[in-house]
Amino acid sequence: MSLIQLTDTQRDIQQLARDYAQRELVALAGERDRESRFDRVMITQMAEMGFLGMLIPEQYDGLGLDAQSYLLALEEIAVGDATAAVTLSVHNSLPTQMILNFGNDAQRAQFLPPMARGELLGAFALSEPEAGSDAASLRTQAIRDGDSWVLNGTKAWVSHGNEAGVILCMARTDSSDARKGTKGISTFILTPDLPGFHLTKKENKMGLRASPTLQIVLDNCRVPADRLLGDEGKGLTYALGSLDHGRLGIAAQAIGIARAALEASIKYVGERKQFGKNIGEFQAIQFKIADMATRITASRTLLHAAAAAKERGEKITRFSSMAKLFATETAMWVTTQAVQIHGGYGYVTDYPVERHMRDAKVTEIYEGTSEIQRIVISRETLAAAAA
Ligand code: CAA
């Protein structure tokens, strides 16, 4: 089934996630999508299995897994329900890793154990209505006032922002060069109880409808000074560096969505009869299945090679972007083929493939669009060639 060689632990984690996804997630994924319902029970179940602390060390109540085990679990969860996977990916790859990597001892001790246990869900607030791909142009301001920072601005596209207990928020602490002040951006650990923290617009999305996406308005939001993460002025570097890892998670999610579409197609072509035989007996269909399976396997192989490089401590910016680009474009292509294979039935909600196609689309957009991944890949490739 897979080209990558797994350790016993990795195989066990993969099996645990697969059994859970097939037992608990698949059956209700369509209903959650139709009702745009974020399922807290699902989060509690995944927390009980330790999946909210997959990359958090055991000393902070996490599982302390390697990157590959984490990505294998994410893929299985995404096969069951892509919305569960994005919750896990954002929480595990971005806020928990930022606190682990850049937080001080007190911040780690305060936030990581409840995040690992799933009592606090973590979110990531980088984008703004006018600052998406151009993250460095963000305008939310943080001004120091005694023992606090006062934040004003609007953060956009925050996955599960209304369910989160911890939000890692990038804001401008030095506006001396407003357009390209990449060094004037800092990171703050926000909690929804802070005065001036308001959840506003909930987006009405094409796909991933059971994963809420929020705008957060910070209106003179007073944040204690000890909630500054790491060094003042390094917030953009922290955020972009963390996205190197976040993008691996989105690649795994995309592979899971693509696999769900392939598996649904394999089942369908063995049942659907036209011209007197199963449509799976036609070469036109067999070639589609071959191309879908090949692209999925290539995506997984690239992703796990990038994850292995991360485990070796190598810089993976380029490979993370390649994995995200290739896997997410694969997911869009594979789910489109799956709808085509299902014909009219693929276009209606009787079968899951239309949902898979809608869910796949956003993977080409969030945590950096395909165009941004190409910019990162070309920059890094040219720089490596010049070195
Ligand atoms: N690792 C560490 N540091 C990095 C980095 C990386 N991968 N990439 C850049 N940096 C550092 C740079 O070294 C630089 O630091 P200095 O100022 O100290 O030199 C700083 O960050 C700024 O980098 P650039 O000069 O390269 O910045 P840029 O303005 O040219 O932008 C970009 C580069 C690649 C276009 C970047 O802005 C980008 O990735 N944009 C997309 C943002 C994105 O993915 N947003 C998704 C938000 S999350 C989301 O989707 C919602 C959700 O909840 C899932």
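## A walk from the ligand outward

Start by selecting the ligand: 25 residues surround it, and Ser159, Leu240, Gly241, Tyr366 and Gly368 come nearest (a residue is near a molecule if its C-beta atom, placed from the backbone, lies within 6 Å of it). Keep in mind that this is a predicted model, where local features need pLDDT of at least 70, side-chain atom pairs count only at pLDDT 80 or more, and totals for chains, interfaces and linings use all residues. Residue numbers run from 1 along each chain as its sequence is written.

Now colour that shell by class: you'll get 14 nonpolar, eight polar and three charged residues. Here Ala, Val, Leu, Ile, Met, Phe, Trp, Tyr, Cys and Pro count as nonpolar, Asp, Glu, Lys and Arg as charged, and the others, Gly among them, as polar.

Which elements each supply at least two residues of the shell? Select strand 3 (148-159), helix 7 (235-271) and helix 11 (370-386). Helix 7 gives the most, with six residues. (Helices, H or I of at least four residues, and strands, E of at least two, are DSSP runs numbered from the N terminus.)

Next stop: helix 9, residues 317-342. Its 26 residues should span 38 Å at 1.5 Å a residue, and because its end C-alpha atoms are 38 Å apart, the two agree (the expected span is 1.5 Å times one less than the number of residues). Helix 9 is mostly covered, with 19 of its 26 residues buried. Buried means 20 or more other C-beta atoms within 10 Å of the residue's own, exposed means 12 or fewer, and partly exposed is in between, with C-beta atoms placed from the backbone. Just after helix 9, click on glycine 343, which has a positive phi, near 60°.

Add helix 8 (residues 283-311): its axis comes within 9 Å of that of helix 9, and the two cross at roughly 160°. That makes helix 8 roughly antiparallel to helix 9 (the cut-off is an angle over 145 degrees, on a scale from 0 to 180 degrees between N-to-C directions of lines fitted to C-alpha atoms over the stretch in contact).

Finish with two backbone oddities. Most residues other than glycine have a negative phi. Asparagine 220, in strand 7 (residues 213-224), has a positive phi near 50°, and counts as exposed because it has 11 C-beta neighbours inside 10 Å. Phenylalanine 275 sits in the loop between strand 9 (273-274) and strand 10 (277-278). Its phi is also positive, near 50°. Buried or exposed? With 7 C-beta neighbours inside 10 Å, phenylalanine 275 counts as exposed.

Definitions and conventions:
Angles under 35 degrees count as roughly parallel, over 145 as roughly antiparallel, 65 to 115 as roughly perpendicular and the rest as oblique.
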